[in-house]
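Work through the exercises below with the coordinates open. Try each task before reading its solution.

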Amino acid sequence: MSRLVVVSNRVALPDSDQNGGLATALDAALKEAGGLWFGWSGKVARAHSGELHRATHDNIDYLTIDLSREDYEGYYNGFSNRTLWPLLHFRLDLVDYNAMTQAAYRGVNALFAEKLAKEIRDEDIVWVHDYHLLPLAQELRRRGVRARIGFFLHVPFPSADIVAGLPHHEKTFGALAAYDLVGFQTERDLERFQDYIRLFRGGSVAARGTLRDHDGRSFQADAFPIGIDASAIATLAANASRNPAVRRMQASLTGRALAIGVDRLDYSKGLPERFRAFERVLDKHTDLRGQLTYLQIAPVSRGGVASYRALRRELEQYAGHINGAHADPDWTPMRYVNRTYPHATLAGFYRLARIGLVTPLRDGMNLVAKEYVASQDPQDPGALVLSIFAGAARELDGALLINPFDSDGVADAIAAALKMPLDERRERWQSMMQRISSYDIHAWRRDFLDRLQQTR
Ligand code: ADP
């Protein structure tokens with residue numbers, strides 16, 4: 001078996017208790033054959049980028065690199081989070097076009113390649129993750145790396161026209177052709193990527209998933225919808241009734257139904273639109289007044305980017321407005337919290353909730369949708385209200401699918417979810433749970449790595 005080298009913007013060190021399903025799955029893959037995990041240390045250095053830190057744990061080498069303040073601003077806060085993130089989420093209106101941050105992004109990718117190339121052997125398998133590192137394979141090839149290199153994009157791939165609107169897009173997106181295998185969340189993302197290669201890269205599509213670059217070199221692309229550790233989450237949720245935080249939450253509901261949303265505070269998650277839809281429930285479905293409590297958990301993220309700070313202010317005001325306009329002395333319609341919680345507590349909250357609200361404007365997959373399903377009580381499962389613009393909608397056909405911009409439609413779906421009979425809830429849940437359990441996070445990483453192994 002080849003040694004595995006994982007590269008991601010952030011490295012999940014083994015002592016961190018915030019590590020989610022992806023980190024656990026990659027750790028398991030690295031342990032199997034021994035391996036190396038490379039990426040940013042999360043530290044901002046005083047002087048230059050590039051100081052390396054090495055640690056070994058359970059057959060895995062962790063190699064992390066510090067970034068200078070300038071690179072952190074340009075590569076991470078700048079081009080990754082102010083340019084690529086909105087672009088990849090179809091938000092042209094929020095894209096920052098900035099030659100300086102684009103140069104910093106390329107510089108950091110070159111620096112990563114410089115350090116990493118020395119570590120890679122020809123027989124290794126290299127797996128690069130996400131939009132921070134789109135040109136990494138090209139930079140590694142320039143430095144003579146011959147190993148197989150795969151890439152997985154965790155976020156959506158937008159339509160080719162949007163991608164081509166980025167100045168020098170080929171340097172960032174055309175560089176994807178240097179990989180041996182490029183993985184996407186859904187078939188749609190794959191199709192849009194194929195369009196881009198055909199229309200704007202001078203390449204061609206020989207067959208679905210078999211592409212040829214303009215120089216004739218061929219490479220593979222496919223959809224690998226990421227999963228969760230479904231059985232682990234189901235167990236956490238089943239045991240959560242003993243968790244004090246979950247018990248307090250349940251007691252506080254005083255028998256009312258709970259609708260839950262759990263999202264990083266990000267404009268792609270459609271939170272103002274969701275608040276508006278909830279307000280429509282209160283205005284339109286007056287029979288539900290006093291019967292439903294909506295809990296929105298939204299940990300603050302990317303506070304260094306202005307659009308995120310503006311969104312936070314907007315949501316604080318909006319939550320206050322909804323409660324001010326609709327609360328009774330003994331009932332507050334919505335609770336809004338900005339904290340993070342341990343996975344065990346979240347799983348318990350999901351299980352308490354009759355309705356899961358997952359209404360992003362765009363999302364590569366949305367793992368919360370799958371976690372909500374995996375956490376349900378099989379005898380009395382809740383209903384999922386899910387955006388058609390989340391990758392998860394392609395798999396979770398038992399959800400109530402909505403367009404998040406259509407507040408009336410979302411409000412009606414919330415009302416329907418609350419009134420849904422037990423038989424129907426069970427039937428819908430079973431089909432979703434079956435899919436989530438059969439293609440879980442471990443099946444996903446095996447699928448991707450087997451395919452990468454077979455290239456060339
Ligand atoms: P994104 O990657 O865009 O943040 P996903 O839904 O795909 O969206 O993944 C989010 C992950 O973060 C999930 O695993 C979810 O459980 C976790 N998460 C979200 N909010 C919280 C929170 N408040 N506390 C702890 N974990 C959270």
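The exercises that follow treat a predicted model.

**Exercise 1. The central sheet**

Task: Find the order of the 10 strands in the open sheet, and name its edge strands.

Solution.
- Step 1. The order is β3-β4-β2-β1-β5-β6-β7-β10-β9-β8. The pairing is mixed.
- Step 2. Look for strands that pair on one side only. These are β3 (52-57) and β8 (204-207), the edges of the sheet.
- Step 3. Add the twist. On average, neighbouring strands are turned by 25° against each other, direction ignored.

**Exercise 2. Helices on the sheet**

Task: Determine how β2 and β4 pair, then which strands α1 touches and which strands α2 touches.

Solution.
- Step 1. β2 covers residues 35-45 and β4 covers residues 60-68. Eight bridges join them in the parallel sense.
- Step 2. Check one position in the register: Ile60 of β4 is opposite Gly35.
- Step 3. Helix α1 packs on the sheet and touches β1, β2, β4 and β5. The angle between the directions of α1 and β2 is about 135°.
- Step 4. Helix α2 (residues 69-88) also packs on the sheet, with contacts to β1, β2 and β4. Its direction makes about 100° with that of β4.

**Exercise 3. Strand β1**

Task: Decide how far β1 is enclosed, and list its bridges to β5 and to β2.

Solution.
- Step 1. Count burial. Six of the seven residues of β1 are buried, so the strand is largely enclosed by the rest of the structure.
- Step 2. Turn to β5. It runs parallel to β1, and four bridges join the two. Val5 has Val126 of β5 as its bridge partner.
- Step 3. Turn to β2. Here five bridges join the strands, again parallel. Arg10 stands opposite Trp40.

**Exercise 4. Helix α16**

Task: Test the end-to-end distance of α16 against its expected span, then describe its packing.

Solution.
- Step 1. The helix holds 14 residues, 441-454. The rise is 1.5 Å a residue and the span counts one less than the number of residues, so 20 Å is expected.
- Step 2. The end C-alpha atoms are 20 Å apart, which agrees.
- Step 3. List the buried residues: Ile441, His442, Ala443, Trp444, Arg445, Phe448, Leu449 and Leu452. They pack against elements including β1 (4-10), α1 (21-33) and α15 (422-438).
- Step 4. Inspect the ends. At the start, a side-chain oxygen of Asp440 comes within 3.1 Å of the backbone nitrogen of His442. After the helix comes Arg456, with a positive phi near 60°.

**Exercise 5. Asp189**

Task: Is Asp189 buried or exposed, and which polar partners does its side chain have?

Solution.
- Step 1. Place the residue: Asp189 lies in helix α7 (residues 187-200).
- Step 2. Its relative accessible area is 2%, so Asp189 is buried.
- Step 3. The backbone nitrogen of Phe157 is 2.8 Å from a polar atom of the Asp189 side chain. The Thr186 side chain makes a polar contact of 2.6 Å with that of Asp189.
- Step 4. Beyond four places in sequence, Asp189 touches Pro156, Phe157 and Phe184.

**Exercise 6. Two positive phi values**

Task: Locate Thr254 and Arg302, and classify the exposure of Thr254 and of Arg302.

Solution.
- Step 1. Thr254 has phi near 40°. It sits in the loop between α9 (244-252) and β11 (257-262).
- Step 2. Its relative accessible area is 58%, so Thr254 is exposed.
- Step 3. Arg302 has phi near 50°. Its loop joins β12 (292-297) and α11 (306-326).
- Step 4. Its relative accessible area is 17%, so Arg302 is buried.

Technical notes:
Residues numbered from 1 in each chain as written. Predicted model: local features only at pLDDT ≥ 70, side-chain atom pairs only at ≥ 80, totals over all residues. Heavy atoms only, no water. Buried < 20%, exposed > 50% of the residue type's maximum accessible area, 1.4 Å probe, protein only. Contact = heavy atoms within 4.5 Å. Polar contact = N/O pair within 3.5 Å; in protein donor to acceptor, adjacent residues only side chain to side chain. Pairing = 2+ DSSP bridges. Axes fitted to C-alpha atoms, helices over the stretch in contact; angles between N-to-C directions.
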